[in-house]
Amino acid sequence: MPNIIAFISVLSPLIPLAFCLYHFRTFQAELKLLCLLEVFSFICDILSLAVPLIKLKTNYLGTLYEIGEFTILFFLYFGILKPKKSKWIFILIGFSFILFSSLNFLFLQHEKLNSFTFLSSSIIFIWLSVVYFFSLMKDLPTYHLEQIPMFWINTAVLIFFSGNFFLFLTTDYLIKVSPNDFMVHWSLHNILNIVKNLLFTIAFWHAGRKGFKFLKQKTDI
Amino acid sequence: MENSSNSVLLLFGIGSAVMIFMASAIVLFVLFYQKRVLREQLNQRAMELAHQHNMLQAQIESQEEERRRVAKDLHDDVGLMLQALRTTTLAVLQEASEADRKEVQQLVSEVDETVRRICWDLMPSSLEYFGLAEATEELCHRLSSKGNVPVVFSSSGKGLPLHKKKQTLLYRMIQELVCNSLKHARATLVEVKFTWTINSLQINVIDNGIGFSKKSEKNQAPRGHGLLSLENRSSLLPANLLFENYFPQGTNASITYLTIPHAEN
């Protein structure tokens, strides 16, 4: 069963990618960036299947993916939230994460799954998604919030990283106490990945269906 | 070791479940909170608009009521007093010369005529007794005979019954539009057209005057007191008021009013 879930998880980016390809020309830059993330995710997932064959350690690819995912999503949030007062805090957090994940990969968890990197990115994205929701509540951009693509993207990010938070927190311990069952525990990550991709699909569908040019609509009341 | 492992697994399971639950709760909270707040804002705005509408209605109604009262007082009291004055002066001026008598009589007649005109302007009796089309026709006739510019009235279709208040509002709008054409548009011909359908009345006030400027070509007339009054009245009816430049020159102001049969009685 975990293998089936893992397989579905690997293929799940194909659904949003299909919408991306279909509506790509009408998408604005932020959504195109997200399409890029889906392509990157799919390639990394496919490569992860080939990793044992080319005798490469899984955490190399995992870390590369995590840094790539972080960069794309962080740029997305930076573009959407447009922080003015806290612009430098955002930049500082972004650079700190890249530095930390590089140091972690080189010195702390070189031979292991880089759970510290995953955990810190989870914390950052939980914070960013809550900030985005807070900005939505403050701005009240539209009555039909569920039609804004960014609402679904943010929902996907919040659920994915919240759900994975405890998994990343306990990864080291779970591998240590029951290495054979870790794939079962990792299934949660795979399920959440499928959910995330389905939510991204809804976002792309709305973006294409309505021809939305805005991730945050102007107020309509 | 086994117990510790189970505890961690339990913690992992509960923790993940709680986090997913909390994330979902945040999403739902944002969704419903946003909808509730926006609904409240919309309600508040609707209430404000309704209040403004009521205020405007009360203001216009009291204005009409005041006009009606002044017109009635002028007609009944001043009219009677003028009649008495005419009779008295005739008696008093019996000794006076024929020319003086005629002059005084002419003066009294002029005052009488002026009072009647003011009464009519304030509240035309034809509007009260015969309806909008007849009152408008009379308005056109009076303006034509008073000035040099012909004001032509025409009506097509079968007339519909209209509520008295609505008739007054429409009449005031026509009055304002025709006066604008005569005063500001330098027109040499003004036409007032009524087109009745089974559920609407379209009124066109067309002139061959100078029209609107380029700036106002997009269905917008120059803003002023008169236009504000027109807009207020059209929003109270409610009616659709549209201005457009008329080929080859002039302006076509159209008022489209949808009648509501059960509300017009």
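Over what distance should the 12 residues of helix α6 of chain B span at 1.5 Å a residue, and how far apart are its end C-alpha atoms? Select residues 225-236 of chain B: the expected span (1.5 Å times one less than the number of residues) is 16 Å, and the end C-alpha atoms lie 17 Å apart, which agrees.

This is a predicted model, in which local features need pLDDT of at least 70, side-chain atom pairs count only at pLDDT 80 or more, and totals for chains, interfaces and linings use all residues. Residues are numbered from 1 along each chain as its sequence is written, chains are lettered from A and ligands numbered from 1 in the order in which they are written, and side-chain values use heavy atoms, with hydrogens and water left out.

Remain on α6(B) and display its buried residues (under 20% relative accessible area, 1.4 Å probe, protein chains only), among them Leu227(B), Leu230(B) and Arg233(B).

Next, select residues 115-139 and 149-177 of chain A, helices α6(A) and α7(A), whose axes are 8 Å apart at an angle of about 150°. The two helices are therefore roughly antiparallel (over 145 degrees) to each other. Their contact comprises 19 nonpolar residues, eight polar and one charged.

Return to chain B for an open sheet of five strands in the order β1-β2-β3-β5-β4, with mixed pairing (at least two DSSP bridges between two strands). Strands β1 (151-156) and β4 (239-245) of chain B are at the edges, each with a single partner strand, so one side of each lacks a neighbour in the sheet. Finally, select residues 190-196 of chain B, strand β2(B), which pairs with β1(B) in the parallel sense over six bridges. Here Lys193(B) is the bridge partner of Ser154(B).

Key
Helix = DSSP H or I, 4+ residues; strand = E, 2+ residues; numbered from the N terminus. Buried < 20%, exposed > 50% of the residue type's maximum accessible area, 1.4 Å probe, protein only. Axes fitted to C-alpha atoms, helices over the stretch in contact; angles between N-to-C directions. Parallel < 35°, antiparallel > 145°, perpendicular 65-115°, else oblique. Nonpolar A, V, L, I, M, F, W, Y, C, P; charged D, E, K, R; others polar.
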